[in-house]
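Got your viewer ready? Load the model and follow along, one selection at a time.

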Amino acid sequence: MTQASLKITEIFYSLQGESNTVGLPTVFVRLTGCPLRCGYCDSEYAFYGGERLLIDDILAQVASFNPRYICVTGGEPLAQRECLTLLSALCDAGYSVSLETSGALPVDDVDPRVIKVMDLKTPGSGEVGRNRWENIPLLTAQDQIKFVICSREDYEWARFKVDEHQLVGRVAEVLFSPSFGQVTPLSLAEWILADNLPVRFQLQLHKLLWNDVPGH
Ligand code: SF4
């Protein structure tokens, strides 16, 4: 019996919308709360509220979907210390587990079995000052780094950071996403091609399929 508890906004089954497991059926555990306020945030409904659940109850809800892949997301999951216990419990249960994190909090103590999908916040996000650069050496060959690009200036910044920190080769994927309504997908695709960047362009599949309705 695991008595630790966390505040949970939602647990749902959908297709992974991002990262290199895009399209795979996945259970999402969305934790409540985030200390950041990115201008493009699409999960503001997870900032407050939520329901406090024991880890055993979370595991039971997850198991009811009979999944292979679990994504722990937010909000910022690591803002709740017990997230670390939840991540290990999900790994112990035999799932393939990923963690979506803003990159603003330490990832030192995340279970090494967990695939970290870490943002680097661009200037256009409004939260570039929150990037915890000390996290980068802690990422491994199974992890992924995501940039949400809000402008051409953001693109240039991201391109510089990819080079400065030698991100390609350090992690499994470097992901570039256009910020919805700020950069057209086509513009970002053409910039990447023109510069022959070794990064993966991605669109958010769940937005294309379900128009960003919570629970998908
Ligand atoms: S870190 Fe994520 S959840 Fe938090 S404000 Fe930024 S986009 Fe929203």
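**Stop one: the annotated spot**

Select Leu 15, which sits in strand E1 (residues 5–15). Keep in mind that you're looking at a predicted model. Leu 15 is partly exposed, with 16 other C-beta atoms within 10 Å. Skipping residues up to four places away in sequence, Leu 15 touches Gly 23, Leu 24, Pro 25, Thr 26, Leu 205 and His 206.

Now step along to Gln 16, in the loop between E1 and strand E2 (25–31). Gln 16 is partly exposed too, with 18 other C-beta atoms within 10 Å. Beyond its neighbours within four places in sequence, the contacts of Gln 16 include Thr 21, Val 22, Tyr 69 and Cys 71.

Add Gly 17, Arg 30 and Thr 73 to Leu 15 and Gln 16: an unreviewed UniProt entry annotates these five as "binding site". They span 59 residues in sequence, yet no two of their C-alpha atoms are more than 14.4 Å apart, so they gather at one spot.

**Stop two: strand E7**

Next, select residues 144–149, strand E7, where six of six residues are buried. Turn on the side chains: Gln 144, Lys 146 and Val 148 point one way, while Ile 145, Phe 147 and Ile 149 point the other. In a regular strand, side chains alternate between the two faces of the sheet.

Then bring in the partners. Strand E6 (residues 115–119) runs parallel to E7 and is joined to it by three bridges, with Val 117 opposite Gln 144. Strand E8 (residues 173–178) also pairs with E7 in the parallel sense, over six bridges, and Ile 145 stands opposite Val 174 in E8. To finish, trace the chain from E7 through helix H3 (residues 152–164) to E8: this β-α-β crossover is right-handed.

Notes:
Residues numbered from 1 in each chain as written. Predicted model: local features only at pLDDT ≥ 70, side-chain atom pairs only at ≥ 80, totals over all residues. Buried ≥ 20, exposed ≤ 12 C-beta atoms within 10 Å, placed from the backbone. Helix = DSSP H or I, 4+ residues; strand = E, 2+ residues; numbered from the N terminus. Pairing = 2+ DSSP bridges. Right-handed = clockwise from strand over helix to strand, strands pointing away. UniProt positions renumbered as here; feature names shortened; annotations may be inferred. Contact = placed C-beta atoms within 7 Å.
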